[in-house]
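Me: I have a model open and would like to walk through it with you. Could you take my questions as they come?

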Amino acid sequence: MVKHIVMFQFKADVPAETRNEAARQFKAGIEALPAIIPTIRAIKVGLNINPSEKWDICLESSFDNLEDVKTYGAHPAHKAVAVELMQHVAARACTDFEI
């Protein structure tokens, strides 16, 4: 099994209201994807509650293998959700590891 973790940091000039709405839409959109992309074993999005930390959003997901992670990443439904958030993002970090 592969764990896929992605963190996002908003651009500094994105207003709080825009951040909140973008994060809410991203969470709802990503968490709806298992019904569309069968390679997803589990997925959830957390919104940072600690203002002293750098990252604003964390996506945690599980897949059977790295190829399934790539399938998810290339899927049009995933891309449609991600493109909306990415217009507000300054930085992204990702790691994939076996569990």
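Me: To start with a single residue, where is H88 found?
Reply: H88 is found in the loop between helix 3 and strand 4, where helices (H or I, at least four residues) and strands (E, at least two) are DSSP runs numbered from the N terminus. Before going further, please keep in mind that this is a predicted model, in which local features need pLDDT of at least 70 and side-chain atom pairs count only at pLDDT 80 or more, while totals for chains, interfaces and linings use all residues. Residues are numbered from 1 along each chain as its sequence is written, and side-chain values use heavy atoms, with hydrogens and water left out.

Me: Is H88 buried or exposed?
Reply: H88 counts as buried, at 16% relative accessibility; buried means under 20% relative accessible area, exposed over 50%, and partly exposed in between, with a 1.4 Å probe and protein chains only.

Me: And what is H88 in contact with?
Reply: Leaving aside neighbours within four places in sequence, H88 is in contact with Q9, F10, K11, V14, T18 and A22, where contact means heavy atoms within 4.5 Å.

Me: Switching to the sheet, in what order do the strands come?
Reply: The 4 strands form an open sheet in the order 2-3-1-4, with antiparallel pairing; two strands are taken to pair if DSSP finds at least two bridges between them. Strand 2 (40–47) and strand 4 (89–98) stand at the edges with a single partner strand each, so one side of each has no neighbour in the sheet. On average, neighbouring strands of this sheet are turned by 15° against each other, direction ignored, where axes are lines fitted to C-alpha atoms, for helices over the stretch in contact, and angles run from 0 to 180 degrees between N-to-C directions.

Me: Which helix packs on the sheet, and which strands does it touch?
Reply: Helix 1 (residues 16–31) packs on the sheet and touches strand 1 (2–10), strand 2 and strand 3, and its direction makes about 165° with that of strand 2.

Me: Over how many bridges do the strands pair?
Reply: Strand 2 and strand 3 (residues 57–63) pair over 7 bridges, and L47 stands opposite I57 of strand 3. Strand 1 pairs with strand 3 over 7 bridges, with L59 of strand 3 as the bridge partner of V6, and strand 1 also pairs with strand 4 over 9 bridges, where H4 faces D96.

Me: How many residues of strand 1 are buried?
Reply: In strand 1, 7 of the 9 residues are buried, so this strand is mostly covered.

Me: Back to helix 1, which of its residues are buried?
Reply: The buried residues of helix 1 are A22, A23, F26, G29 and I30. Seen down the axis of helix 1, these fall within an arc of 135°, so they line one face of the helix, the arc being that of the directions from the helix axis to the C-beta atoms. They pack against strand 1, strand 2, strand 3, helix 2 (66–74) and helix 3 (76–86), whereas the face turned away from the buried side carries the exposed residues A16, E17 and N20.

Me: What about helix 2, which residues are buried there?
Reply: In helix 2, D68, V69 and Y72 are buried, and they fall within an arc of 105° seen down the helix axis, so they too line one face. E67 and K70 are exposed on the other side of helix 2.

Me: At what angle do helix 2 and helix 3 pack?
Reply: Helix 2 and helix 3 pack at an angle of about 60°, with their axes 5 Å apart. The two helices are therefore oblique to each other, given that angles under 35 degrees count as roughly parallel, over 145 as roughly antiparallel, 65 to 115 as roughly perpendicular and the rest as oblique. Y72, G73 and A74 of helix 2 make the contact with P76, H78 and K79 of helix 3.

Me: One more loop residue: what does T39 touch?
Reply: T39, which lies in the loop between helix 1 and strand 2, touches S62, F63, D68, T71 and Y72, not counting residues up to four places away in sequence. T39 is buried, with a relative accessible area of 15%.
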